[in-house]
Amino acid sequence: METKKDNLVLINDYHTHSVFSHGVGTVLDNAIVAKEKGLNELGICEHGPRHASGLKNADDFKKLKQACIEAENQTGVKVLCGIESNVLDKNGNCDFKDKIESLDYVAVGMHCKVKTKPSFFWYLFFRRKIFPNTKKQIKKNTQVILNVIEKNKKYVDIFTHPTRQFKTDIVKVAKAMKEADILFELNTRSCNITEDEIKKIAETGVKFIIGSDAHRPSRVGELTEKVEPLLKHIDKSQIVTKIEPKLLKLKNMEN
Ligand SMILES: [Zn+2]
Ligand SMILES: [Zn+2]
């Protein structure tokens, strides 16, 4: 993993939040810090509408896109507009489809504080609290994520913090991501992957992206000790540090 200045700064960071959702800095604040830290590109990847702090409608995403353009003009840092969409049910439906007009890319992640179908809410509740890690549950959880990938692979570029919320067969999930051309995020804010696990995940050939999930400007581009020790087990060629426009699925659809 090449890093700029020192080992604790990312080259680019495509997972940050702003005041548009529950971040504490503006889009411009994030871009200014990105510039100070020497990043070339920044992603504002805001929560989808079903999240308690999510942007509510397509109009909000238009405003976000406008803020990204302005921040880019003021700082010279390329600022992409993204959504961190939510999983809404066991079939893998997510909440991004009518927002794509303003978006440069789509990320998907499992979150709590999301208004889901009641059946899915209780599913998640029981899997987290009552019997989280039995073999049978892990199999069911894995199927949910596989459904998300299968249903949305045409649009989704990144799966954020894939090991958060509930336990899955993460190697199986990584294989599906590789086949669907979805980047496996190593989230520097919350990552519970062990060194043994990362070796097996990397063996699938899946490509990784590192995201800070910064909710405050000072954390933009930050690489932490939660992720840094894992990087020695991943071939450099498997870590995407810059998302080429030609690889963004929405952009390709427009062409
Ligand atoms: Zn998230
Ligand atoms: Zn996030």
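In this predicted model, two strands count as paired if DSSP finds at least two bridges between them.

Q: Over how many bridges do strand 4 and strand 5 (residues 158-159) pair?
A: Let's put that cut-off to use: pairing takes at least two bridges. Strand 4 and strand 5 run in the parallel sense, and Val 108 stands opposite Phe 159 in strand 5. The number of bridges over which strand 4 and strand 5 pair is two.

Q: In the pairing of strand 3 with strand 4, which residue is the bridge partner of Gly 82?
A: Strands of a sheet pair through backbone hydrogen bonds, either parallel or antiparallel. Strand 3 and strand 4 take the parallel sense, over five bridges. Within strand 4, the partner of Gly 82 is Tyr 105.

Q: Which strands are the edge strands of the sheet?
A: Eight strands form an open sheet with parallel pairing, in the order 1-2-3-4-5-6-7-8. An edge strand here pairs on one side only. That description fits strand 1 (13-16) and strand 8 (239-240).

Q: Are the residues on the two faces of strand 4 buried or exposed?
A: In a regular strand the side chains alternate between the two faces of the sheet. For strand 4, one side holds Tyr 105, Ala 107 and Gly 109, while Val 106 and Val 108 lie on the other. Five of the five residues of strand 4 are covered in this way, and on both faces they are buried.

Q: What angle does the direction of helix 2 (residues 58-75) make with that of strand 3?
A: Seven bridges join strand 2 (residues 41-47) to strand 3 (residues 78-86), and Leu 42 stands opposite Val 79 in strand 3. Helix 2 packs on the sheet there, touching strand 2 and strand 3. The angle between the directions of helix 2 and strand 3 is about 155 degrees.

Q: How far apart are the axes of helix 1 (residues 27-36) and helix 2?
A: Two packed helices are described by the angle between their axes and the distance between the axes. Helix 1 and helix 2 pack at about 35 degrees, and their crossing is right-handed. Residues making the contact include Ala 31 of helix 1 and Ala 71 of helix 2. The axes of helix 1 and helix 2 are 9 Å apart.

Q: Within what arc do the buried residues of helix 4 fall, seen down its axis?
A: Asn 141, Val 144, Ile 145, Val 148 and Asn 152 are the buried ones in helix 4. They line one face of the helix because, viewed down the axis, they fall within a limited arc. That arc is 85 degrees.

Technical notes: Residues numbered from 1 in each chain as written. Chains lettered and ligands numbered in written order. Predicted model: local features only at pLDDT ≥ 70, side-chain atom pairs only at ≥ 80, totals over all residues. Buried ≥ 20, exposed ≤ 12 C-beta atoms within 10 Å, placed from the backbone. Helix = DSSP H or I, 4+ residues; strand = E, 2+ residues; numbered from the N terminus. Arc of directions from axis to C-beta. Contact = placed C-beta atoms within 7 Å. Axes fitted to C-alpha atoms, helices over the stretch in contact; angles between N-to-C directions. Left-handed = near helix turned anticlockwise from the far one by under 90°.
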